[in-house]
Each structure stands twice: as structure tokens, then as C-alpha cells.
Amino acid sequence: MTSGTNTVQRLDQQLRLLSSSSRPRSMASQYTSRLIGAANTLEHRVYIEQNGSVISPFHDIPLFADQNQGIFNMVVEVPRWTNAKMEISKEEAFNPIKQDIKKGKLRFVRNCFPHHGYIWNYGAFPQTWEDPTQSHAETKARGDNDPLDVCEIGEQVGYVGQVKQVKVLGIMALLDEGETDWKVIVVDVQDPLASKLNDIEDVERHLPGLIRATNEWFRIYKIPDGKPENTFAFSGEAKNKKYAMEIIHECNEAWRRLITGDSPARTASYDLSIRNITIQNSPGFVVRSDPSYTNIPPDSRLHPGPIDPSVSKWFYISSAQV
């Protein structure tokens, strides 16, 4: 039995103990999105529903979709080729997805030639957390206080709030403003190439140039906003599936400490919502009759608001290695 297999089994055993539900492990169809307000506005939120009831994509969606097959759930925050910096709100109750805000304005990533928007379906693994109080032994940098980031490289463009079933291929370690910001490389299990993509070396074989482009994208995407080029640990190398599985295990363990109260959800530097409806041994567990749950607004989707034309501008970065 491989180390990767052992890691998968350990993860699933822990999640079975934490979760009070008996949900099936293969369940794409039961997740839907509840949209509040208009996209491209400050008020817009995307809640995730399971069978019509709001759940937390941070805490209630299980990390595994199918433990026996090593298939994970991934929450899509940013569909490929879009620019709006959508992310799971760690601070709001039940963690809806919203657009990031900087200086009171909605945040859009810049188009750094030759890239347009995000070059993969970008999102997060549920039930993971990069603990900002812990430094990784090899990167020598603390976690970024977010769920574990995921780049899904399949051919289909996703949508905000989609829950994809994916297989892990590898991982990259971005050092973003002094923090470790892991990027897990995955593929949708329904993708035509999924059966041929089983580890990181398969990506270069079947999708040549994608890992190099991913490295470049993360290095330069903040330069148009006046920030320095990001760096990577491991000289920018994408580590293999086995290494990725160990990082996922560490981040799931960190989340377990957070959700059970072993790690504080509120400190002087952050205030995270751990409200959930499935993990009864969590101090954040709430019953469905709780006002914080019943007051979640109903679907009120509107036509998207306008996007400033400047978002479409291309930036030419002299340091980009094309």
C-alpha cells in the first residue's frame, strides 16, 4: 500500500468521525447555488445549497467525494477566463462566495499578456485551512489563513459555486507576500483526459506548457497593481501527487483543529466563521431553526452589473518569461 493511499484513508477516517451526517460520497447533483443580488456589485453573494438547504462550503461540504477512488470535492470560486476575484468569505456566517474588495472597490485580476483572466477553474478544497500560526518546514513561511487553493485544468469552464469532483495531480508552493499559498493542481474526473492524468508528469505530457504558464501567471499577476513579482518555493517546481496529498492532509488537520475549537477562530488578526449545520462536536454547530440560519436571504438573482472597461486591458510585463 502506498503512502498516498494511506494518507487518503487517514483523511477519510477523520472526516467520517467529524461529520454527523450519513451523506453519500458521490453527489455532484445535490449541490446548487443560491444567488443574492447582482454579480459585479458589493452586495452579491453566492451561497451553496445541498438538496435546497444552505450549507457552508468551508465546513459542511466533505473534502472527499469518493474515498475509495481518491476523488475530492472542489468548490469553484472563479471560472476560467473570468477576472472577478471571487472567494469563499471566511468571516461571514455559512461562508458564501463573494467578490474580494480592496479600498472599497471590487477586485478584478489584471490580464497579463498573453493570459486572459484566470487560466483554470480556480477554487478551494472544503474542510481545509492554511493555518497562519504555523510555518511549513520546507517553505519556511506561515499559512495564508485560507482554505487550500485549487486549479482545475480540465476543458470545461465552470461556474461560481459549482462543486466539482476532481482528482489530485500535484501542487505548487507560491510565496505570496511572505505567506505560503499552496496551489493544488487537479482535473475534473469527467474530463476527457482524466483517465490519462494521474500525476504531475502527465500534465506536461498531455497539456504541454500549462505548468510553466501557471508558474508565470502566479508570479506576475499582481505586478500591474504595483506589487512585486511573487516567488515560489522549490524553485517553482510542481511537486507530485504524493507530496500534494500530504499537504492536503496537513491542511485538513488544521481545519479539524479550527472547527472543533482546538485552534481559535477569533484572534487579534482574524475572525473566522465556523458556523455549520453538520458537525455536531463543533462549537460553531447550529440547528436549522437558529435565527442565523433562518435569516439567510432567499434567492434574489439579478442581471449582472456592468464591469468597468479597464478590466479588459492587457498588461505587458517585461519580466514575464513567455
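These are my notebook entries on a predicted model.

**Entry 1: the core**

I began with the interior and asked which residues have the most contacts inside the largest nonpolar core. That core has 58 residues, and the ones in question are Trp120, Trp129, Ile153, Trp217 and Phe218. I then looked for the element that gives the most to this core and found α3, with five residues. Apart from this core I noted another, of 25 residues, including Ala141, Leu148, Val166 and Val186.

**Entry 2: helix α3**

I turned next to α3 itself, which covers residues 210–220. The helix is mostly covered, with ten of its eleven residues buried. I listed the buried residues: Leu210, Ile211, Ala213, Thr214, Asn215, Glu216, Trp217, Phe218, Arg219 and Ile220. Two of these names, Trp217 and Phe218, I had already recorded among the residues with the most contacts inside the largest core.

**Entry 3: Ile153**

I looked up what Ile153 touches once its neighbours within four places in sequence are left aside. Its contacts are Trp120, Leu169, Ile185, Val186, Val187, Leu197, Val203, Leu207 and Leu210. Of these partners, I had met Trp120 in the list for the largest core, Val186 in the other core, and Leu210 among the buried residues of α3.

**Entry 4: Asn276**

I located Asn276 in the loop between α4 (241–259) and α5 (291–294). Is this residue buried or exposed? Asn276 counts as buried, at 0% relative accessibility. Neighbours within four places in sequence aside, I found Asn276 in contact with His59, Asp60, Phe94, Ile259, Ser282, Gly284, Phe285 and Val286. For one of these, Val286, I also noted the spacing along the backbone: the C-alpha atoms of Asn276 and Val286 are separated by 6.1 Å, while the two residues are ten apart along the chain.

**Entry 5: the surface**

I then examined the outside and recorded a nonpolar patch formed by Phe113, Trp314 and Tyr316. Together these three residues have about 340 Å² of accessible area. I placed Phe113 in the loop between β10 (111–112) and β11 (121–124). Phe113 is partly exposed because its relative accessible area, 32%, falls between the cut-offs of 20% and 50%.

**Entry 6: cysteines**

Finally, I asked how many disulfides a search of the whole structure finds. The search finds zero. I checked two cysteines for exposure. Cys112 is buried, with a relative accessible area of 3%, and Cys251 also counts as buried, at 6% relative accessibility. Both are called buried because the cut-off is under 20% relative accessible area.

Key. Residues numbered from 1 in each chain as written. Predicted model: local features only at pLDDT ≥ 70, side-chain atom pairs only at ≥ 80, totals over all residues. Heavy atoms only, no water. Buried < 20%, exposed > 50% of the residue type's maximum accessible area, 1.4 Å probe, protein only. Helix = DSSP H or I, 4+ residues; strand = E, 2+ residues; numbered from the N terminus. Patch = residues over 30% accessible without salt bridge, like charges linked within 9 Å, V, L, I, M, F, W, Y side chains within 5 Å. Areas by Shrake-Rupley, 256 points an atom, 1.4 Å probe, with all protein chains shown as cover. Salt bridge = Lys/Arg side-chain N within 4 Å of Asp/Glu carboxyl O. Disulfide = S-S within 2.5 Å. Core = buried A, V, L, I, M, F, W, Y, C linked by side-chain atoms within 4.5 Å. Contact = heavy atoms within 4.5 Å.
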